[in-house]
Amino acid sequence: MQAVTLRRWGWVHKWSSLICTLFILMLCLTGLPLVFSHEIDHLTGNEIEAPAMPEGTPRAPVDRVAAKAVEAYPGLVPLYFFAEEDAPDVWYVKLDTRVDTDESASTLILSDARTAEVLGAPNIDEGFMSVMYRLHVDLYAGLAGKLFLGFMGLLLMVAIVSGVVLYAPFMRKLRFAEVRQERTARTRWLDLHNLLGIVTLVWAMAVGFTGVINTWADLIFQAWQAEQVAALQAGETRVLLAADADDAPAADGSLQTAVDRVLAAAPGMAVAMIAYPGTLRATPEHVAVILRGDTPLTSRLSQALLVDPADGAVLEAGPRPWYVTALQLSEPLHFGDYGGLPLKILWALLDILTIVVLGSGLYLWLKRGATEVRT
């Protein structure tokens, strides 16, 4: 590589790194406790669990769960029901003043899926973990904060790629992983910076890029909703279950029957989320039922089916767009929560190594001295 090309790549690496380093360092520090959020909530007693009941206890209709939630939080209406794979007896219910809000001031509660009783509201707006979450997700600035952090993530991608380009020429006269202990402190930190940077390369690229995609989640879902509405208006939908189908419960306007008809149209799938009409993830007239598969990979890939509560027709407004698939696959890759505690520990170790890479990069810039001045 010619010297002038090398200097240009060095300029790109220096400034892309300097601009984003403090923000990426903040994301690494705040992301560390978030990796273990479930464990921390359990240890601190903040985790809300459903009481033990005999195995096979039937689930209450979701309409009754919604009614109990509204009774406990008068003035609010339900937007979504969420269900986690490892907590089938609990519904997460999100409420707000209207179904068409931006959800920035929504309320999340947990309800017992068997008795419909409200179990409580997770303390997500107060305390240490709340501060970590908001700083990590949006800097307390809503969508603007998310997009800003996404831009910092793109700069991180540029810094990593330019760092890889510079790595080979730099290591030409050194053995792999060599740290020159006999040289100055700055040289030793430079060698360590390069070593840890190349060790964490794939992980940092994966977590950084998936983090960028996650910052676009709101825009992605809005685009998907618009696409579904356009498909419905154009009549470009596939009817999976006709309104007069005999092999499913007859529509009666209830949410539970609508969900039952969706499950009849898609056997072998499980409900991951139910979205009321008018919300961000549904259309103005249809309930959206988000289903997930039953394998480790497909459980992270959801498919939305639409159902009209009035006539019970179950529709599929086209296949899942590629950008929604990318978002759904990016979430588990970013958080590392699909492989249990061992994977979380690995994620934490790689996060700490990345903090060292970022910190050493700052140190090298601050101590650049005469060598940097000459270049």
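Phe81, Trp91 and Tyr276 form one aromatic cluster in this predicted model. Seven aromatic pairs are present in the structure. The briefing then turns to the transmembrane annotation, two selected residues, backbone outliers, a cavity and a pocket.

**Aromatic pairs**

- Tyr80 and Phe82 pair in a tilted arrangement, with 5.7 Å centre to centre and 45 degrees between the planes.
- The partners of this pair are set in unlike surroundings: Tyr80 is buried, because its relative accessibility is 0% and buried means under 20%, while Phe82 is partly exposed at a relative accessible area of 25%.
- Trp322 and Tyr323 make an edge-to-face pair, with 5.8 Å centre to centre and 85 degrees between the planes.
- Trp322 counts as exposed, because its relative accessibility of 69% is over the 50% limit. Tyr323 is buried, with a relative accessible area of 18%.

**Annotated transmembrane regions**

- An unreviewed UniProt entry lists residues 147-171, 192-213 and 345-366 under "transmembrane region".
- In the model, residues 147-171 are 96% helix and 0% strand, and the C-alpha atoms at the ends of this stretch are 36 Å apart.
- Residues 192-213 are 95% helix and 0% strand, with the end C-alpha atoms 30 Å apart.

**Met205 in helix 7**

- Met205 is placed in helix 7, which covers residues 201-215.
- With 29% relative accessibility, Met205 is classed as partly exposed.
- Beyond its neighbours within four places in sequence, Met205 is in contact with Met157, Ile160 and Val161.
- For one of these partners, Ile160, the C-alpha atom is separated from that of Met205 by 7.4 Å, although the two residues are 45 residues apart along the chain.

**Ser111 in strand 3**

- Ser111 belongs to strand 3, formed by residues 107-112.
- Ser111 is buried, because its relative accessibility of 0% is under the 20% limit.
- Leaving aside neighbours within four places in sequence, the contacts of Ser111 are Val65, Asp89, Val90, Trp91, Val93, Glu117, Val118 and Leu119.
- Trp91, among these contacts of Ser111, is also a member of the aromatic cluster with Phe81 and Tyr276.

**Positive phi at non-glycine residues**

- Most residues other than glycine have a negative phi.
- Ala116, which is not a glycine, has a positive phi of about 70 degrees. Ala116 sits in the loop between strand 3 and strand 4 (118-120), and this residue is buried, with a relative accessible area of 0%.
- Leu139 likewise is not a glycine and has a positive phi, of about 55 degrees. Its place is the loop between helix 4 (127-137) and helix 5.
- Leu139 is partly exposed, at a relative accessible area of 26%.

**Enclosed cavity**

- Rolling a probe the size of a water molecule over the atoms shows where empty space is left.
- The count comes to one cavity of 30 Å³ or more, and the largest cavity holds about 30 Å³ of space.
- Which residues line the largest cavity? The lining consists of Tyr167, Phe170, Met171, Ala177, Glu178, Asp191, Asn194 and Leu195.
- Helix 5 (142-170) and helix 6 (185-199) are the elements that give two or more residues to this lining. Helix 6 gives the most, with three residues.
- By class, the residues lining the largest cavity are five nonpolar, one polar and two charged.

**Second largest pocket**

- The second largest pocket contains about 1600 Å³ of space.
- This pocket is lined by 41 residues, of which Gly10, His13, Leu166, Leu190 and Asn194 are the closest to its centre.
- Asn194 appears here and also in the lining of the largest cavity.
- Two or more lining residues come from each of helix 1 (3-35), helix 5, helix 6, helix 7, helix 11 (340-366) and helix 12 (369-374).
- Helix 1 gives the most to the lining of the second largest pocket, with 12 residues.
- The lining of the second largest pocket divides into 23 nonpolar, 13 polar and five charged residues.

Note on methods. Residues are numbered from 1 along each chain as its sequence is written. This is a predicted model: local features need pLDDT of at least 70, side-chain atom pairs count only at pLDDT 80 or more; totals for chains, interfaces and linings use all residues. Side-chain values use heavy atoms; hydrogens and water are left out. Rings of Phe, Tyr and Trp (its six-membered ring) pair if their centres lie within 6.5 Å; planes under 30 degrees apart count as stacked, over 60 as edge-to-face and the rest as tilted. Buried means under 20% relative accessible area, exposed over 50%, partly exposed in between (1.4 Å probe, protein chains only). UniProt positions are given in the numbering used here, feature names are shortened, and annotations may be inferred rather than shown by experiment. Helices (H or I, at least four residues) and strands (E, at least two) are DSSP runs, numbered from the N terminus. Contact means heavy atoms within 4.5 Å. On a 1 Å grid over the protein atoms alone, a cavity is a set of points where a 1.4 Å probe fits but cannot get out, and a pocket is an open set with protein on both sides within 12 Å along at least five of seven lines; lining residues have an atom within 4 Å of a point. Grid points are joined across faces, edges and corners, and a volume is the space filled by probe spheres set on the points. Ala, Val, Leu, Ile, Met, Phe, Trp, Tyr, Cys and Pro count as nonpolar, Asp, Glu, Lys and Arg as charged, and the others, Gly among them, as polar.
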